[in-house]
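Work through the exercises below with the sequence and the 3D structure at hand. Try each task before reading its solution.

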Amino acid sequence: MMTPKTEAELADAIKSAPAPLHITGGGTRDIGTPIEGAPLRTTGLTGITLYEPGALTLVAQAGTSLAEIETALDSENQRLAFEPMDHRALLQTTGTPTIGGVVAANVSGSRRISVGACRDHLLGVRYVDGQGTIIKNGGRVMKNVTGYDLVKVLAGSYGTLGVLSEISLKVLPKPETSTTLCLHDLSVTDSVSAMSAALGSPFEVTGAATVASTTYLRLEGFEASVAYRAERLRALLAGYGAITQIAHSDGETLWRDITNVQAFKDHAAVTRVSVQPSHAPKFAQALTDDSDLAMDWGGGLMWFGMRGNDAQNTDFHLKLQAMARQNGGHATLIKAPASLRSSLSVFQPENQTVAQLTSALRAKFDPRGILNPGLMT
Amino acid sequence: MQMPSPSTAVLSRKAQIIERLQKVLPESAVIHTEAEVRAYECDALTAYKCPPLCAVLPATTEEVSAALKVCHELGVPVVPRGSGTSLAGGALPTADCVILGTARLNAVIETNYPDRYIRVGSGRTNLSVTGAVEDMNFFYAPDPSSQLACAIAGNVAMNSGGAHCLKYGVTTNNLLGVKMVMMDGTITDIGGAHLDAAGLDLLGLICGSEGQLGVVTEATLRILHKPEGARPVLMGFDDNEVAGACVSDIIKAGVLPVAIEFMDRPCIEATEAFAHAGYPMCEALLIVEVEGSDAEIDHQLSLINEIARRHNPVELRESKSAEESAAIWLGRKSAFGAMGQINDYMCLDGTIPVSSLPMVLRKIKDLSDHYGLKVGNVFHAGDGNMHPLILFDANKPGDLELCEQLGADILKLCVDVGGCLTGEHGVGVEKRDLMTHQFDPQDLEAQMAVKDVFDPAWLLNPAKVFPLDSSETRRIAAE
């Protein structure tokens with residue numbers, strides 16, 4: 001196991017690697033096609049290097065634990081607004097999530113619908129490419145269009161283009177309070193339409209999800225403002241039946257569970273589908289007796305939990321990918337036994353041009369093909 | 001500022017190139033007479049001009065593809081152009097290039113309110129995107145100052161921002177998908193109406209690539225419901241440093257204004273003389289705008305005012321009505337015009353960490369004295385995106401060069417304090433040769449390798465973004 005302590009050590013480890021590397025942060029996100037490789041962890045690169053609350057910026061080494069970052073932000077009443085998902089419960093992994101892992105997987109939670117994804121809050125990166133060259137891109141300021149935005153393509157590249165060594169993030173103030181409106185027992189079509197109405201209102205809904213036939217809508221901000229908007233939203237959604245409300249403290253746990261897809265922790269396989277919300281009902285028609293649906297991002301993010309055997313779950317996942325090919329969007333198998341993930345397309349196969357561009361980019365970033373090769377297939 | 005000398009091989013085939021383009025495009029879409037191509041000789045960086053070989057104005061993605069195929073086959077450089085409002089010279093031609101204008105690709109293709117997006121031809125102007133959805137009370141958030149004229153194509157190329165991006169983000173945060181034509185004519189869709197990328201985030205790479213990776217012909221953009229209302233407060237301070245501290249305190253307090261605009265004394269004086277907005281004469285002026293219902297606005301403004309009072313403002317003027325809001329914004333919105341009234345000016349666009357604002361303003365003053373050229377500062381303070389305006393006299397020999405040197409020194413200063421050369425205008429030709437101040441050779445190499453993938457022959461806008469000597473081997477290899 002290689003655990004470099006500095007960026008220079010990380011560069012050396014990659015430069016001198018004779019064969020493929022299996023790169024991880026805290027190892028809590030076992031996502032993608034299983035790969036072989038000498039283990040390299042970034043957990044030795046730790047520490048917050050800069051935190052300026054008044055500038056809403058934080059810079060940290062990639063292996064810094066998410067917990068350390070959240071504690072620092074908390075002390076200034078700030079947070080990572082994109083609400084990174086913790087995969088440990090869903091994937092039944094242990095370990096400590098790192099900020100590098102969050103960025104490498106571009107994980108964003110329920111609030112993504114209103115404030116953007118991890119990639120939208122990522123101001124800059126330093127990384128080591130497949131040749132062992134240290135490269136920087138972006139910076140630590142909020143507005144920056146100097147040169148190509150490699151930051152975006154590094155986010156969500158699962159370590160296949162480069163190994164992140166330093167991350168620079170935009171952070172945001174925590175709101176004073178929140179409330180969550182609950183709509184009950186709506187069909188998929190009705191719940192998506194209720195969520196669309198809420199998200200299309202001026203009331204700044206920061207979470208819109210449906211789990212186990214309850215539709216949740218979150219409002220955040222100053223207390224009086226939250227109360228006002230809750231009232232307006234209730235009036236707007238009066239046609240969707242009785243509306244109950246959850247207070248701030250209970251809401252925090254609720255949204256953490258929604259973001260972390262806690263509901264499917266015992267499911268054998270889980271596929272994540274990204275679609276335009278009004279297509280969600282069409283995808284929901286794929287549901288069987290052995291599968292369950294949870295929706296986030298107003299219906300734009302669909303989680304399909306599968307309780308079947310491997311063969312059934314394979315068929316189900318491939319069916320979702322076929323639907324995505326037809327309707328737009330994409331489906332990724334987030335959870336399944338390694339053997340199953342090795343046997344099918346975990347990530348949505350892309351159109352020919354995009355696939356060619358992607359593989360040519362990989363060849364530039366990692367000409368020897370040693371960085372998590374094959375993980376994103 | 002240097003541009004590569006035009007390829008004689010291309011120039012000698014001018015007639016053949018025009019003829020081939022005329023074969024694949026409607027007659028009115030190929031512009032080639034000397035008088036007509038002059039309209040394309042520069043963008044908003046008017047200090048540099050060069051008529052192109054010809055210009056094409058395709059009206060469909062297929063026509064864009066056909067034109068690019070011809071240029072690809074004949075080895076002709078192509079400079080894509082939106083509305084030509086780039087302040088960085090992003091659409092500056094070379095004599096051997098074909099300008100590909102997106103102006104005719106201006107249709108609204110689809111609006112979808114439940115899913116909150118609009119799909120438009122990339123030649124559509126920024127403001128008319130909002131215009132297409134405002135009957136339903138929706139809007140497209142990024143609002144560059146040139147929004148009346150600038151095209152979405154250029155917004156995507158430069159990843160444009162605006163005054164309100166503190167809350168809503170810049171183009172890349174509001175772009176869901178594109179239809180793009182590669183240099184070889186291949187048409188591809190990247191992204192769509194859904195939120196995130198299936199694999200590598202190519203969309204994020206394309207946005208801000210200054211027309212060097214492909215020609216975007218359609219864009220799917222996120223639209224939002226308009227807020228119930230918005231109102232600003234104007235505050236004046238007798239010290240830049242204090243105004244800077246006030247900005248930082250407002251941000252820290254958990255109020256997230258939709259905009260925080262900053263003007264310094266030279267700018268306030270020029271603006272007052274020009275627009276008579278009734279601004280206080282002081283060292284620094286802030287305009288802070290918040291959104292929501294009336295009660296929500298009152299609440300946020302009261303919090304902001306409380307913070308401001310701790311910094312002893314010389315003026316604190318809260319808007320209570322649409323008229324008062326307009327009066328507060330009047331000066332800010334006329335600032336560029338006001339400066340232009342005094343003299344020619346060059347508008348810079350560096351970003352700095354908000355914390356170094358007072359120090360940077362002091363150093364800009366020192367530099368301004370050193371060069372003997374006046375500098376006014378008007379900028380988006382919430383995100384540190386500065387727009388120093390350097391006044392010079394274009395008719396005075398040597399003044400432009402002096403102004404450019406001062407500009408370069410100011411931008412280097414932005415980089416040295418932890419910021420960057422350009423926050424929202426792009427590199428173009430203007431900041432091209434300063435890139436080595438912000439990036440090491442390997443950083444630039446990694447970026448150029450991306451262009452190698454999308455445009456192996458380096459035909460798309462080749463003389464921009466990267467210092468000419470950094471990109472030379474690639475450009476020459478391509479010839």
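The exercises go from single strands and residues to sheets, domains and the contact of two chains.

This is a predicted model, in which local features need pLDDT of at least 70 and side-chain atom pairs count only at pLDDT 80 or more, while totals for chains, interfaces and linings use all residues. Residues are numbered from 1 along each chain as its sequence is written, and chains are lettered from A and ligands numbered from 1 in the order in which they are written.

**Exercise 1. A strand and its partners**

Task: Find which strands pair with β14 (residues 269-274) of chain A, and state how far β14(A) is covered.

Solution. Step 1: strands are DSSP runs of E with at least two residues, helices are runs of H or I with at least four residues, and both are numbered from the N terminus. Two strands pair if DSSP finds at least two bridges between them.

Step 2: β14(A) pairs with β16 (residues 301-306) of chain A over six bridges, in the antiparallel sense. In this pair A:Thr271 is opposite A:Phe304.

Step 3: β14(A) also pairs with β17 (residues 330-335) of chain A, antiparallel, over five bridges. Here A:Ser274 is opposite A:His330.

Step 4: a residue is buried if 20 or more other C-beta atoms lie within 10 Å of its own, exposed if 12 or fewer, and partly exposed in between, with C-beta atoms placed from the backbone. By this rule five of the six residues of β14(A) are buried.

**Exercise 2. A hairpin**

Task: Describe how β6 (residues 122-128) and β7 (residues 134-138) of chain A are joined.

Solution. Step 1: the two strands pair in the antiparallel sense over five bridges, with A:Arg126 opposite A:Lys136.

Step 2: β6(A) and β7(A) form a hairpin with five residues between them. In the turn, A:Gly132 has a positive phi of about 90 degrees.

Step 3: four of the five residues of β7(A) are buried.

**Exercise 3. One residue in a loop**

Task: Decide whether A:Glu83 is buried or exposed, and list what A:Glu83 touches.

Solution. Step 1: A:Glu83 is in the loop between β5 (78-79) and α3 (88-91) of chain A.

Step 2: A:Glu83 counts as buried because 22 other C-beta atoms lie within 10 Å.

Step 3: two residues are in contact if their C-beta atoms, placed from the backbone, lie within 7 Å. Not counting residues up to four places away in sequence, A:Glu83 touches A:Ser108, A:Gly109, A:Ser110, A:Arg111 and A:Thr259.

Step 4: A:Glu83 and A:Ser108 are 25 residues apart in sequence, yet 5.6 Å apart in space, C-alpha to C-alpha.

**Exercise 4. A sheet in chain B**

Task: Give the strand order of the seven-stranded sheet of chain B and name its edge strands.

Solution. Step 1: the order of this open sheet is β15-β12-β14-β13-β17-β18-β16, with antiparallel pairing.

Step 2: β15 (315-318) and β16 (344-347) of chain B are the edge strands, as each pairs on one side only. From one strand to the next the twist averages 15 degrees.

Step 3: inside the sheet, three bridges join β13 (residues 259-264) to β17 (residues 375-380) of chain B. B:Phe262 has B:Phe379 as its bridge partner in β17(B).

**Exercise 5. Domains of chain B**

Task: Give the domain bounds of chain B.

Solution. Step 1: domain bounds come from an automatic or database domain assignment. For chain B this gives domain 1 (8-103), domain 2 (108-225) and domain 3 (230-416).

Step 2: the centres of domain 1 and domain 3 of chain B, taken over C-alpha atoms, are 38 Å apart.

**Exercise 6. Where the chains meet**

Task: Count the residues in the contact of chains A and B, and find which helix of chain B gives the most.

Solution. Step 1: chain B contributes 75 residues and chain A 67 residues. On the side of chain B, α16(B) gives the most, with nine residues.

Step 2: Ala, Val, Leu, Ile, Met, Phe, Trp, Tyr, Cys and Pro count as nonpolar, Asp, Glu, Lys and Arg as charged, and the others, Gly among them, as polar. The side of chain B that touches chain A has 32 nonpolar, 31 polar and 12 charged residues.

Step 3: residues of α14(A) that meet α16(B) are A:Leu357, A:Ala360, A:Leu361 and A:Lys364. This helix contact has seven nonpolar, no polar and two charged residues.

How values were computed. Axes are lines fitted to C-alpha atoms, for helices over the stretch in contact, and angles run from 0 to 180 degrees between N-to-C directions.
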